[in-house]
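User: I am new to this structure and would like a close look at one part of it. Could you walk me through the helix that sits in the core, and what surrounds it?

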Amino acid sequence: QVEESEVTQDVWRLFEQQASEQGGRIAVREGAQSWSYSELLSRVAHWSGVLSGEGVTAGDAVGVLLERGMDAVTALLAIVRVAAGMCRWMRSTRQSG
């Protein structure tokens with residue numbers, strides 16, 4: 001059986017390889033905005049540094065509350081980079097009033 005940490009490492013290794021080989025190509029797009037693999041890697045490096053600076057280490061659970069989009073992709077890859085675990089996806093609805 002494959003351990004979650006092995007899968008996380010594989011995901012990060014594949015992303016890094018893609019960023020290295022295809023740095024100028026579009027990695028994510030949201031509407032009219034897009035980031036290349038190099039840009040995404042830079043943003044992921046920043047946020048994984050923030051996570052590490054806050055004491056997040058391998059195996060820690062990190063929750064993410066973001067709408068789907070480029071920021072969510074960045075957050076999830078940053079979590080993968082520090083080898084932390086992700087909490088399960090939960091949909092929430094905002095209630096007014």
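Analyst: Happy to help; here is a walk along helix α3, then out to the residues around it. Please keep in mind that this is a predicted model.

Let's start with the helix itself. Helix α3 covers residues 70-81, and its 12 residues should span 16 Å at 1.5 Å a residue. The C-alpha atoms at its ends are indeed 16 Å apart, so the expected and modelled spans agree. Just after the helix comes Ala83, which has a positive phi near 60°.

How many of the residues of α3 are buried? Nine of the 12 are, so the rest of the structure largely encloses this helix. The buried ones are Met70, Ala72, Thr74, Ala75, Leu76, Leu77, Ala78, Ile79 and Val80.

Now for the core. The largest nonpolar core has 18 residues, and those touching the most other members are Phe15, Leu40, Val44 and Leu51. Helices α1, α2 and α3 are the elements that give two or more residues to this core. The largest share, six residues, comes from α3.

Thr74 is a good place to pause. This residue of helix α3 has a relative accessible area of 4%, so it counts as buried, the limit being under 20%. Setting aside neighbours within four places in sequence, Thr74 is in contact with Trp35, Leu40, Arg43, Val44 and Trp47. Two of those names, Leu40 and Val44, also appeared among the core residues that touch the most other members.

Seen from the other side, Val44 touches Thr74, Leu77, Ala78 and Arg81, along with Trp12, when residues up to four places away in sequence are not counted.

Trp12 leads us to the aromatic residues. A search of the whole structure finds two aromatic pairs. In one of them, Trp12 and Phe15 are tilted, with 5.4 Å centre to centre and 40° between the planes. Both belong to helix α1 (residues 4-21), and because they are three residues apart there, about one helical turn separates them. Trp12 and Phe15 are both buried. The other pair is Phe15 with Tyr37, again tilted, at 6.2 Å centre to centre and 45° between the planes. This pair links distant parts of the chain, since Phe15 lies in helix α1 and Tyr37 in helix α2 (residues 37-53), 22 residues apart. Phe15 has a relative accessibility of 9% and so counts as buried; Tyr37 is buried as well, with a relative accessible area of 16%. Together, Trp12, Phe15 and Tyr37 make up one aromatic cluster.

Two more spots help to complete the picture. In the loop between α2 and β3 (61-62) you will find Val56, which counts as buried at 16% relative accessibility. Val56 and Val82 are 26 residues apart in sequence, yet their C-alpha atoms are 7.5 Å apart in space.

Finally, there is a hairpin to look at. Strand β1 (residues 26-30) pairs with strand β2 (residues 33-36) in the antiparallel sense, over four bridges. Ile26 stands opposite Ser36 in β2. Two residues lie between the strands of this hairpin, where Gly31 takes a positive phi near 65°.

To bring it back to your request: α3 is largely enclosed by the rest of the structure, and it gives the largest share of the largest nonpolar core.

Methods. Residues numbered from 1 in each chain as written. Predicted model: local features only at pLDDT ≥ 70, side-chain atom pairs only at ≥ 80, totals over all residues. Heavy atoms only, no water. Expected span 1.5 Å × (residues − 1). Buried < 20%, exposed > 50% of the residue type's maximum accessible area, 1.4 Å probe, protein only. Phe/Tyr/Trp six-rings, centres within 6.5 Å; stacked < 30°, edge-to-face > 60°. Pairing = 2+ DSSP bridges. Core = buried A, V, L, I, M, F, W, Y, C linked by side-chain atoms within 4.5 Å. Contact = heavy atoms within 4.5 Å.
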